[in-house]
Amino acid sequence: MSNSTEEGAILSWQSAPRRLMTVYLPLALFVFVLLFPFYWMTITTFKPNAELYDYKNFNPFWVVHPTLANINKLLFETAYPRWLMTTMLVAVCSTVLSIFASVLAAYAIQRLRFRGSNVVGLAIYIAYLVPPSILFIPLATMVFQLGLFDSPLALILTYPTFLIPFCTWLLIGYFKSIPYELEECALIDGASRLQILRRITLPLAVPGLISAGIFSFTLSWNEFIYALAFISSSEKKTVPVAILTELVQGDVYQWGSLMAGSLLGSLPVAIFYSFFVDYYVSSLTGAVKE
Amino acid sequence: MADTTTAAVPWNPKRAAPGALARLLDNKAFLVFLCLLPAVGLLLVFLTYPLGLGIWLAFTDTHIGRGGVFVGFENFESLWYDNVFWNAVFYTVFYTAVATVLKFGLGLWLALLLNENVPFKSLIRAIILMPWIVPTVLSAIAFWWMFDAQFSIISYVLVDVLGWRTSYIDFLGTPWHARWSLVFANVWRGIPFVAISLLAGLQTISPSLYEAALLDGASSWQRFRKITAPLLAPILSVVLTFSVLFTFTDFQLVYAITRGGPINSTHLMATLAFQRGIPGGQLGEGAAIAVSMIPFLILATLFSYFALSNRKWQQGGSDE
């Protein structure tokens with residue numbers, strides 16, 4: 001520890017005031033700008049309408065008479081609980097499906113090492129580069145023909161198209177770090193390939209599985225364009241789509257309830273994220289480095 | 001067969017002869033096929049096939065609820081004379097270029113700041129990722145509110161607190177204001193991803209290189225130019241490719257804040273494709289707009305490929 005501080009002292013050779021100006025001040029500005037919209041979202045949620053549109057008599061940066069009216073309205077006068085359940089269902093199902101498919105694919109590519117495994121790996125990487133923006137129109141016609149239009153199943157089946165490539169690449173990286181010798185020992189002991197995957201490789205790849213899982217969950221939770229295009233009835237919408245399309249009515253925007261919706265829609269992922277920050281950062285950076 | 005309920009028999013030397021299924025599962029070719037089936041199957045059905053179908057749709061006059069016939073390049077021809085389409089192409093390129101430059105400039109700066117020895121580093125790292133975690137549409141709604149013509153908090157600070165301006169800014173009411181406002185929101189959302197990825201790259205650079213440079217009397221700019229920049233280049237190019245790709249095909253931010261307005265000035269190609277394709281019902285024309293994005297995406301992917309192979313060369317081919 002003392003070593004690293006010493007290093008910093010030598011490396012920066014900067015006096016304290018100069019360091020304040022070149023490091024702490026810009027850093028504080030970054031943090032302020034990056035977090036301000038969330039503060040603004042929160043403060044607006046708790047403002048009564050009288051304060052919301054009156055900057056002359058009330059300081060807009062603070063709330064004088066906090067109210068739960070906006071949250072109350074959202075929870076009990078809209079289908080918000082339904083949207084939340086739908087989003088949860090879609091996110092969990094598509095995550096489970098993607099992890100299942102990705103584990104098998106990554107194991108085959110990284111550990112079974114068949115001829116052409118590199119090509120398959122590259123193809124899956126390229127699949128990650130195909131953005132939903134160019135797929136949603138043909139997918140919409142497919143979803144319609146399959147009779148899945150306006151059904152959560154349409155989302156559960158299409159989300160893996162961007163989850164599987166990401167998870168497979170992440171897991172290939174994790175499998176690479178597991179010593180091959182462990183599997184050879186198990187093979188000698190007479191374990192079958194699937195037993196090796198279940199008893200040796202998977203338990204060792206748990207951090208990778210968690211990273212892939214939380215990443216997939218968040219990506220599914222945040223997905224927008226497919227949910228907008230494939231779902232039409234109000235009660236089956238996912239949270240991001242529903243808040244934008246159901247709460248915005250007419251020309252007068254109810255900013256209080258809109259911000260309450262945004263806040264409550266963001267909280268589940270934010271809480272989820274706070275539990276797994278380290279996995280999150282490692283999967284983000286791991287996937288980029290692979 | 002020893003029942004598992006009798007705990008007194010922990011070891012059973014008699015091994016059941018492997019059944020037909022078990023033997024099949026030990027056949028490597030079959031196992032590979034089985035393992036790849038779910039992933040490759042899903043991707044082929046819901047990614048490769050729609051990609052082909054999209055290209056086909058671009059050459060038909062399909063509408064919602066009515067199959068189309070092949071019309072050749074008619075969709076592309078009508079787009080060629082469509083000012084709204086060219087406006088969308090212009091804004092997509094502008095949006096991508098400006099946002100990417102800002103995201104990487106500011107993101108690299110933030111990464112360098114975080115790479116210093118600052119207190120609560122992991123906490124700061126955790127909270128600055130927030131913009132990237134939260135659903136884009138929801139933070140976009142927050143920006144929409146912050147860009148409100150009458151009650152914008154940004155205008156309030158500029159006019160009533162600082163007194164730098166005399167009138168409130170109409171952020172989303174005029175084309176250029178709206179364009180820059182969207183770029184700002186995109187940069188805000190993209191900085192964390194760039195910064196955290198580049199920080200990971202920075203942390204792999206050995207401190208001994210900087211110590212050696214210090215002994216040789218290198219200035220901080222020289223240290224950045226001769227050590228940080230070249231060693232960061234491989235990861236930078238990968239992050240750059242992803243960032244360009246996802247900014248170019250962005251949809252949510254624009255759809256949530258302006259829906260392409262005012263007077264179609266902020267349409268991205270993706271939002272225009274959506275507007276013509278789904279609510280407008282002209283699937284063929286929407287697909288043609290979406291397909292027009294593909295050449296740009298291929299360029300970005302090739303860039304990524306050559307950047308990766310460059311990395312191999314830099315590391316003496318040891319990277320597999």
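The following questions and answers examine a predicted model of two chains, A and B.

Q: How do you know how much confidence the predictor places in chain B and in the model as a whole?
A: The mean pLDDT of chain B is 83, on a scale from 0 to 100, and 89% of the residues of chain B reach 70 or more. For the model, ipTM is 0.85 and pTM is 0.85.

Q: What makes residues 312-320 of chain B a segment to treat with caution?
A: Over residues 312-320 of chain B, pLDDT stays under 50, and the model has 4 contacts beyond four places in sequence for them. Where pLDDT is low, predicted coordinates should not be read in detail.

Q: Why is chain A called more spread out than a compact globule?
A: Chain A has 16 helices and 0 strands. The globule rule gives 19 Å for 290 residues, whereas the radius of gyration of chain A is 24 Å, well over that value; chain A is therefore more spread out than a compact globule. Along the principal axes, the C-alpha atoms of chain A fill a box of roughly 80 × 65 × 30 Å.

Q: What is the secondary structure of chain B, and what percentage of its residues count as buried?
A: Chain B comes to 15 helices and 0 strands. Of its 320 residues, 40% count as buried, a class that requires 20 or more other C-beta atoms within 10 Å. For chain A, 42% of the 290 residues count as buried.

Q: How do you know what part of the contacts in each chain joins residues at least 24 apart in sequence?
A: In chain B, contacts between residues at least 6 apart in sequence were considered, and 67% of these join residues at least 24 apart. In chain A, residues 24 or more positions apart account for 76% of the contacts with a separation of 6 or more.

Q: What secondary structure does the model give to segments of chain A that UniProt places under "transmembrane region"?
A: The unreviewed UniProt entry places this feature at several spans of chain A, including residues 21-40 and 119-141. Residues 21-40 of chain A are 100% helix and 0% strand, with end C-alpha atoms 27 Å apart. Residues 119-141 of chain A are 87% helix and 0% strand, and their end C-alpha atoms are 30 Å apart.

Q: What does the model show for segments of chain B with the UniProt feature "transmembrane region"?
A: Among the spans that the unreviewed UniProt entry lists for chain B are residues 29-49 and 190-210. The former span is 100% helix and 0% strand, with end C-alpha atoms 25 Å apart. Residues 190-210 of chain B are 86% helix and 0% strand, and the end C-alpha atoms lie 29 Å apart.

Q: What makes up the side of chain B that touches chain A?
A: The contact takes 78 residues from chain B and 79 residues from chain A. On the chain B side, helix α2 (residues 28-57) gives the largest share, 16 residues. By class, that side has 63 nonpolar, 10 polar and 5 charged residues.

Q: Which residues touch the most other members of the largest nonpolar core?
A: This core has 161 residues, and those that touch the most other members are A105(A), L171(A), I141(B), A195(B) and I257(B). Beyond four places in sequence, A105(A) touches I124(A) and T168(A), as well as C35(B), L36(B) and A39(B).

Q: Why is S262(A) classed as buried or exposed?
A: S262(A) has 31 other C-beta atoms within 10 Å. The threshold for a buried residue is 20 or more, so S262(A) is buried. The residue is in helix α15 (residues 255-275) of chain A. Its contacts beyond four places in sequence are M41(A), I243(A), L138(B), I141(B) and A142(B). S262(A) and F38(A) are 224 residues apart in sequence, with C-alpha atoms 9.5 Å apart in space.

Q: What makes the phi of F120(B) and of N264(B) notable?
A: Most residues other than glycine have a negative phi. F120(B), not a glycine, has a positive phi of about 55 degrees, and N264(B), also not a glycine, has a positive phi of about 60 degrees. F120(B) is found in the loop between α4 (83-115) and α5 (121-128) of chain B, and N264(B) in the loop between α12 (252-257) and α13 (269-277) of chain B.

Q: How do you know whether F120(B) and N264(B) are buried, partly exposed or exposed?
A: F120(B) has 9 other C-beta atoms within 10 Å; the limit for an exposed residue is 12 or fewer, so F120(B) is exposed. N264(B) has 19 such atoms, which lies between that limit and the 20 needed for burial, so N264(B) is partly exposed.

Terms used: Residues are numbered from 1 along each chain as its sequence is written. Chains are lettered from A and ligands numbered from 1 in the order in which they are written. This is a predicted model: local features need pLDDT of at least 70, side-chain atom pairs count only at pLDDT 80 or more; totals for chains, interfaces and linings use all residues. Two residues are in contact if their C-beta atoms, placed from the backbone, lie within 7 Å. Helices (H or I, at least four residues) and strands (E, at least two) are DSSP runs, numbered from the N terminus. Ala, Val, Leu, Ile, Met, Phe, Trp, Tyr, Cys and Pro count as nonpolar, Asp, Glu, Lys and Arg as charged, and the others, Gly among them, as polar. UniProt positions are given in the numbering used here, feature names are shortened, and annotations may be inferred rather than shown by experiment. A nonpolar core is a set of buried Ala, Val, Leu, Ile, Met, Phe, Trp, Tyr and Cys residues joined through C-beta atoms within 7 Å. The radius of gyration is taken over C-alpha atoms; the globule rule is 2.2 Å times the number of residues to the power 0.38.
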